[in-house]
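User: Please take a close look at one part of this model and describe its setting in detail. I am interested in placement, burial and contacts, and in any backbone features that deserve attention elsewhere.

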Amino acid sequence: MSFKHKHLLDLMDLSREEIQLILDTAESMKEIFTRSIKKVPTLRGKTIISLFYEPSTRTKSSFDLAGKRLSADMMSLSVSTSSVVKGESLVDTAKTMEAMGADAVIMRHSMPGAPHLLAESIDASVLNAGDGAHAHPTQALLDMYSIREERGKIAGETIAIVGDIKHSRVARSNIWALNKLGAKVRVVGPPTLIPANLEEMDVEVYYDLEEGLEGIDVVNILRIQLERQEAGYLPNLREYTKFYGVDEKILELVGDEVTVMHPGPTNRGVEITPEVAYGDQSVINEQVTNGVAIRMALLYLLTGGEKIEETAN
């Protein structure tokens, strides 16, 4: 099966088979990690530009490493020191990148839909690295890969997403992907942080943490999105931690077979305790590693690199 999409803007556009193709390709890419020289010439001659309008550590460094391991020419455009601060429009910036010969542009923006506008403005492939509270497709894909790797399957598994669902682009992308792959999805959080009519996305909604985690296979704990919230959603963080923080006591209740995930960065002692984040049931570090493999797979599939079989030996 070939990947027929030019861009990766969200996961609603992808079929179950296309998501599985990305996961399978990432599995091949992860084999490169075991080599003494962790680099292949798959994207040699390709130019990939990172355009981040919001701060990022994990996603940006993961994409940078993914491109370098595939031998692409990587370039980062710092918005704070670019012509954007002088009033240059997104379309003008896009045309500049196109003139530089970009084959792919990785974009993060605070406005939902900004990557879609970019995709309409240039010929290069566009990868959405997060747009506002709308979507974060590569994070969801690495979460799917991590679940499949740890649990052996996704279909039939019960996954609880806990925390700030209302402001989370990670939650939306995870729900889309998990439903397509046959998982049972729950969301758990305070009523003020759960969007209205969320059941229409084929999820179960819980407002009590212990009840929401009963009988689950995976818990994906979200960071409280303080930077995207207006006042009034929570009395205070201490109150949130008391009712929705995942600690060792909660893990004892749900059982030692439950897999713990978090997209990072964590608010230590708020939504998750250090003991849980670094405990035996956690795959948070594996998620970081798998993020590189997923982004390698996407760069390969979207830019049409050399066949993996010819470069993976």
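Analyst: R151 lies in helix α5, where helices are DSSP runs of H or I with at least four residues and strands are runs of E with at least two, numbered from the N terminus. The model is predicted, so local features need pLDDT of at least 70 and side-chain atom pairs count only at pLDDT 80 or more, while totals for chains, interfaces and linings use all residues. Residues are numbered from 1 along each chain as its sequence is written, and side-chain values use heavy atoms, with hydrogens and water left out.

With a relative accessible area of 26%, R151 is classed as partly exposed; under 20% would make a residue buried and over 50% exposed, with a 1.4 Å probe and protein chains only. Leaving out residues up to four places away in sequence, R151 touches E157, D217, V218, E257, V258 and T259, a contact being heavy atoms within 4.5 Å. P55 is 96 residues from R151 along the chain, and the C-alpha atoms of the two are separated by 32 Å.

Q139 is also found in helix α5. Its relative accessibility is 6%, and Q139 therefore counts as buried. Beyond residues up to four places away in sequence, the contacts of Q139 are V170, P263, Q287 and R295.

Helix α5 also packs against a second helix. The axes of α5 and helix α11, residues 284–303, come within 8 Å and cross at roughly 115°. Such axes are lines fitted to C-alpha atoms, for helices over the stretch in contact, and angles run from 0 to 180 degrees between N-to-C directions. The crossing of α5 and α11 is right-handed, meaning that the near helix is turned clockwise from the far one by less than a right angle, whereas anticlockwise would be left-handed. On the α5 side, T138, Q139, L141, L142, D143, Y145, S146 and E149 take part, and they meet E286, Q287, N290, G291, I294, R295 and L298 in α11. The residues of this contact divide into 5 nonpolar, 6 polar and 4 charged; Ala, Val, Leu, Ile, Met, Phe, Trp, Tyr, Cys and Pro count as nonpolar, Asp, Glu, Lys and Arg as charged, and the others, Gly among them, as polar.

M296 lies in the partner helix α11. M296 is buried because its relative accessible area is 0%. Apart from neighbours within four places in sequence, M296 is in contact with M29, I32, F33, A66, R69 and L70. The C-alpha atoms of M296 and A26 are separated by 7.0 Å, although these residues are 270 apart along the chain.

R295 also has a C-alpha atom 9.2 Å from that of D64, with their positions 231 residues apart along the chain. D64 lies in helix α2 and is buried, with a relative accessible area of 15%. S50, M74 and S76 are what D64 touches when residues up to four places away in sequence are not counted.

The loop before α5 adds to this picture. H136 is found in the loop between β4 (125–131) and α5 (137–151). At 4% relative accessibility, H136 counts as buried. Not counting residues up to four places away in sequence, H136 touches T59, R108, A129, G130, R169, V170, S173 and R295.

Both H136 and Q139 appear in a UniProt annotation. An unreviewed UniProt entry lists R58, T59, R108, H136, Q139, G264 and P265 under "binding site"; the positions are in the numbering used here, feature names are shortened, and annotations may be inferred rather than shown by experiment. From this set, R58, T59, R108, H136, Q139, G264 and P265 belong to the lining of the largest pocket. On a 1 Å grid over the protein atoms alone, a pocket is an open set of points with protein on both sides within 12 Å along at least five of seven lines, as opposed to a cavity, where a 1.4 Å probe fits but cannot get out; lining residues have an atom within 4 Å of a point.

Some backbone features remain. Most residues other than glycine have a negative phi, and most peptide bonds are trans. G264 and P265 are joined by a cis peptide bond, with omega about -5°. P265 has its place in the loop between β9 (259–261) and α10 (274–277). S71, in the loop between α2 (58–69) and β2 (73–78), has a positive phi near 70°.
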